[in-house]
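Hi there,

Here is the structure I promised to pass on to you. Have a look at it first, and then read on for my notes.

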Amino acid sequence: MPVLMWISHGERPLRIEELCQALALDPGNIPSQDSVLESCLGLAIVDKETSIVRLTHSTFREYLRSPGILPGAHKMLVEIGLTYLNYEHVKQLPSNSFSALNPPGIPFLQYASAHWGAHVKIELSDRAKLLVLELLSQYGGHVSAPILLKHRAFTRRLFTAPRLFSGLHCATYFGIVDLAALLEVEGCDINQGDPSDSTPLVMKIKMQGPKVVDGNGWVPPPFHILS
């Protein structure tokens with residue numbers, strides 16, 4: 001079922017090489033493309049031109065996304081993505097140039113970096129919360145930070161001071177209330193400017209209005225202005 005979860009609940013279609021890495025139990029145990037497709041029992045195929053894995057019948061995706069069909073899908077996907085980003089060999093990747101943001105041999109890095117926040121907003125387990133905090137505690141120097149900003153069309157000014165884009169900036173950007181509030185409690189500065197001089201507080205107001213969203217709907221922001 002993990003393959004079908006990725007195909008039906010992913011934020012974007014995955015190429016077969018990305019999917020194989022997402023399904024790996026550890027970095028040195030990546031399943032073959034043939035074994036991944038065989039596990040789908042004919043329900044998924046690889047597009048020959050794009051290498052994207054898709055279901056043989058488009059209506060089947062809507063069925064898989066129906067309530068109760070694949071419970072816990074987003075929880076599983078975010079735990080996989082965050083575990084991947086916290087691998088030691090990923091944490092050691094350079095993060096100070098655009099040319100370093102697409103290293104060979106780790107294709108799942110792009111998806112995991114750009115989309116984990118979308119899954120977290122839908123379903124956040126206790127284990128995922130610990131994984132998020134581990135990532136965000138070192139976010140300023142993590143390769144996933146500039147990948148996210150590049151994906152979201154931020155400018156190259158990021159690399160004048162890449163470490164200024166903090167974990168709190170990231171949590172605020174995704175609108176993850178519980179984590180943003182927890183990071184503030186742990187001492188992260190909501191008035192710290194990033195390379196574009198935008199603070200987490202200003203980002204929240206610009207990108208999500210006067211309120212930020214949690215899993216239950218629109219709620220008042222958890223921040224207070226530090227004096």
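Below is what I found in it, going from the whole chain down to single residues.

First, some ground rules. This is a predicted model, so local features need pLDDT of at least 70 and side-chain atom pairs count only at pLDDT 80 or more, while totals for chains, interfaces and linings use all residues. Residues are numbered from 1 along each chain as its sequence is written, and side-chain values use heavy atoms, with hydrogens and water left out.

**The chain as a whole**

The protein chain has 12 helices and four strands (DSSP runs numbered from the N terminus, with H or I over at least four residues for a helix and E over at least two for a strand). Of its 227 residues, 46% are buried. Here buried means under 20% relative accessible area, exposed means over 50%, and partly exposed is in between, with a 1.4 Å probe and protein chains only. Among contacts (heavy atoms within 4.5 Å) with a separation of 6 or more, 66% join residues 24 or more positions apart.

**The core**

The largest nonpolar core has 51 residues, and those that touch the most other members are Trp6, Leu82, Tyr84, Leu109, Trp116, Tyr139 and Cys170. Such a core is a set of buried Ala, Val, Leu, Ile, Met, Phe, Trp, Tyr and Cys residues joined through side-chain atoms within 4.5 Å. Elements giving two or more residues to this core include α1 (2-9), α2 (16-22), α5 (73-85) and α7. The core lies between domain 1 (1-70) and domain 2 (72-209), because both of them give residues to it; the domain bounds come from an automatic or database domain assignment.

Two residues are handy for exploring this part. Tyr84, beyond its neighbours up to four places away in sequence, touches Gln21, Val90, Ile106, Pro107, Phe108, Leu109 and Ala112. Leu19 sits in helix α2 and counts as buried at 1% relative accessibility. With residues up to four places away set aside, Leu19 touches Val3, Trp6, Leu14, Val36 and Val53. The C-alpha atoms of Leu19 and Tyr111 are separated by 10.0 Å, although the two residues are 92 apart along the chain.

**Helix α7**

Helix α7 covers residues 108-122, and 12 of its 15 residues are buried, so it is largely enclosed by the rest of the structure. Among the buried ones are Phe108, Tyr111, His115, Trp116 and His119. At 1.5 Å a residue, α7 should span 21 Å, and its end C-alpha atoms are indeed 21 Å apart (the expected span is 1.5 Å times one less than the number of residues). There is also a kink of about 50° in α7, centred on His115; the bend at a residue is the angle between axes fitted to the seven residues ending there and the seven starting there.

**His119 and His9**

How accessible is His119? This residue of α7 is buried, with a relative accessible area of 1%. Its side chain makes a polar contact with the side chain of His74 at 2.9 Å. A polar contact is a pair of N or O atoms within 3.5 Å; within protein, one must be able to donate a hydrogen and the other to accept it, and residues adjacent in sequence count only if both atoms are side-chain atoms. Leaving aside neighbours within four places, His119 is also in contact with residues including His9, Gly10, Glu11 and Leu77.

His9 lies in helix α1 and is buried, at 8% relative accessible area. The C-alpha atoms of His9 and His119 are separated by 9.0 Å, with their positions 110 residues apart along the chain. A polar contact of 2.7 Å joins the side chains of His9 and Ser8.

**Loops worth a look**

Most residues other than glycine have a negative phi. Leu41 has a positive phi near 55°; it lies in the loop between α3 (33-38) and β1 (44-46) and is exposed, with a relative accessible area of 75%. Ser51 also has a positive phi, about 65°. Ser51 is in the loop between β1 and β2 and counts as partly exposed at 26%.

Finally, Asn86 belongs to the loop between α5 and α6 (88-91), yet is buried at 9% relative accessible area.

Best wishes
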